[in-house]
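Here is a short briefing on the structure shown below, with charge pairs first, then pockets, then a surface patch. Have the viewer open as you read.

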Amino acid sequence: MSRTRILIFAAVTIILGLSTRPLSKYAGDAFYTVLLYWIVVFAAPRIRPVWAAAVALGASWVIEFAQLLNLPRVLAPVLGSTFNPPDLFWYAVGAAAACAFDLTVRRRTARPPGTPLG
């Protein structure tokens with residue numbers, strides 16, 4: 001996948017994450033992990049989607065568990081400030097959704113033109 005396409009997907013993810021945050025905190029959590037997914041894929045373009053999802057999910061969980069530590073307040077806007085166990089589930093939802101989306105895009109772009117989808 002081209003880095004330009006990855007950047008476009010990351011920008012769309014940021015827009016969706018910010019626009020859904022007032023409606024649903026958990027949708028924002030899922031999009032947070034989706035953004036981490038695109039960062040991983042951008043940094044390592046040859047990584048398999050499942051591994052990219054695992055890295056993004058792992059990073060999200062590490063950040064969430066780090067909130068249990070006494071971190072400097074200056075990091076709160078980026079890392080959050082309060083551990084919330086349901087966030088762990090929604091990070092997994094985001095990682096799975098990003099992986100599924102990426103696999104679908106890769107599958108569709110790998111087909112020769114004119115090949116039926118079925």
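Let's start in helix H5, where arginine 106 and aspartate 102 sit 4 residues apart, about one turn of the helix. Their side chains form a salt bridge, with 2.7 Å from N to O. Keep in mind that this is a predicted model. A search of the whole structure turns up 3 salt bridges, and the pair in H5 is one of them.

**The pair within H5**

- Arginine 106 is partly exposed, at 25% relative accessible area.
- Aspartate 102, in contrast, counts as buried because its relative accessibility is 0%, and the cut-off for buried is under 20%.
- As general background, side chains of opposite charge can pair when their charged atoms come close.

**The network around lysine 25**

- Salt bridges link Lys25, Asp29 and Asp87 in a network.
- One link joins lysine 25 to aspartate 29, whose closest N and O atoms are 2.9 Å apart.
- These two residues are 4 residues apart in helix H2 (residues 25–43), so about one helical turn separates them.
- The other partner of lysine 25 is aspartate 87, and their side chains meet in a salt bridge of 2.9 Å, N to O.
- Lysine 25 belongs to H2 and aspartate 87 to helix H5 (residues 85–110), so this pair ties together parts that are 62 residues apart in sequence.
- Which members of the network are buried, and which is partly exposed? Lysine 25 is partly exposed, with 34% relative accessible area, while aspartate 29 is buried at 5% and aspartate 87 is buried at 3%.

**The largest pocket**

- The largest pocket holds about 540 Å³ of space.
- There are 24 lining residues, and those closest to the pocket centre are Arg21, Gly28, Asp29, Tyr32 and Val78.
- Two or more lining residues come from each of H1, H2, helix H3 (49–66), helix H4 (76–79) and H5.
- Which element gives the most to this lining? That is H2, with 6 residues.
- By class, the lining is made up of 11 nonpolar, 8 polar and 5 charged residues.
- Asp29 thus links two topics of this briefing: Asp29 is part of the salt-bridge network and is also among the lining residues closest to the centre of the largest pocket.

**The second largest pocket**

- About 200 Å³ of space lies in the second largest pocket.
- This pocket is lined by 14 residues, with Thr13, Leu16, Phe31, Val34 and Trp38 closest to its centre.
- H1, H2 and H5 each contribute at least two residues to the lining.
- How many charged residues does this lining have? There are no charged residues, alongside 12 nonpolar and 2 polar ones.

**A nonpolar patch on the surface**

- Ile8, Val12 and Leu16 make a nonpolar surface patch of about 240 Å².
- Valine 12 is placed in helix H1 (residues 3–20).
- With a relative accessibility of 40%, valine 12 counts as partly exposed, because that class runs between the 20% limit for buried and the 50% limit for exposed.
- Leu16 is worth a second look in the viewer: Leu16 helps to make this patch, and Leu16 is also one of the residues closest to the centre of the second largest pocket.

Conventions. Residues are numbered from 1 along each chain as its sequence is written. This is a predicted model: local features need pLDDT of at least 70, side-chain atom pairs count only at pLDDT 80 or more; totals for chains, interfaces and linings use all residues. Side-chain values use heavy atoms; hydrogens and water are left out. Patches are made of residues with over 30% relative accessible area and no salt bridge: like charges are joined within 9 Å, nonpolar side chains (Val, Leu, Ile, Met, Phe, Trp, Tyr) within 5 Å. Accessible areas come from the Shrake-Rupley method with a 1.4 Å probe; for residues, only the protein chains shown count as cover. A salt bridge is a side-chain nitrogen of Lys or Arg within 4 Å of a carboxyl oxygen of Asp or Glu. Buried means under 20% relative accessible area, exposed over 50%, partly exposed in between (1.4 Å probe, protein chains only). On a 1 Å grid over the protein atoms alone, a cavity is a set of points where a 1.4 Å probe fits but cannot get out, and a pocket is an open set with protein on both sides within 12 Å along at least five of seven lines; lining residues have an atom within 4 Å of a point. Grid points are joined across faces, edges and corners, and a volume is the space filled by probe spheres set on the points. Ala, Val, Leu, Ile, Met, Phe, Trp, Tyr, Cys and Pro count as nonpolar, Asp, Glu, Lys and Arg as charged, and the others, Gly among them, as polar.
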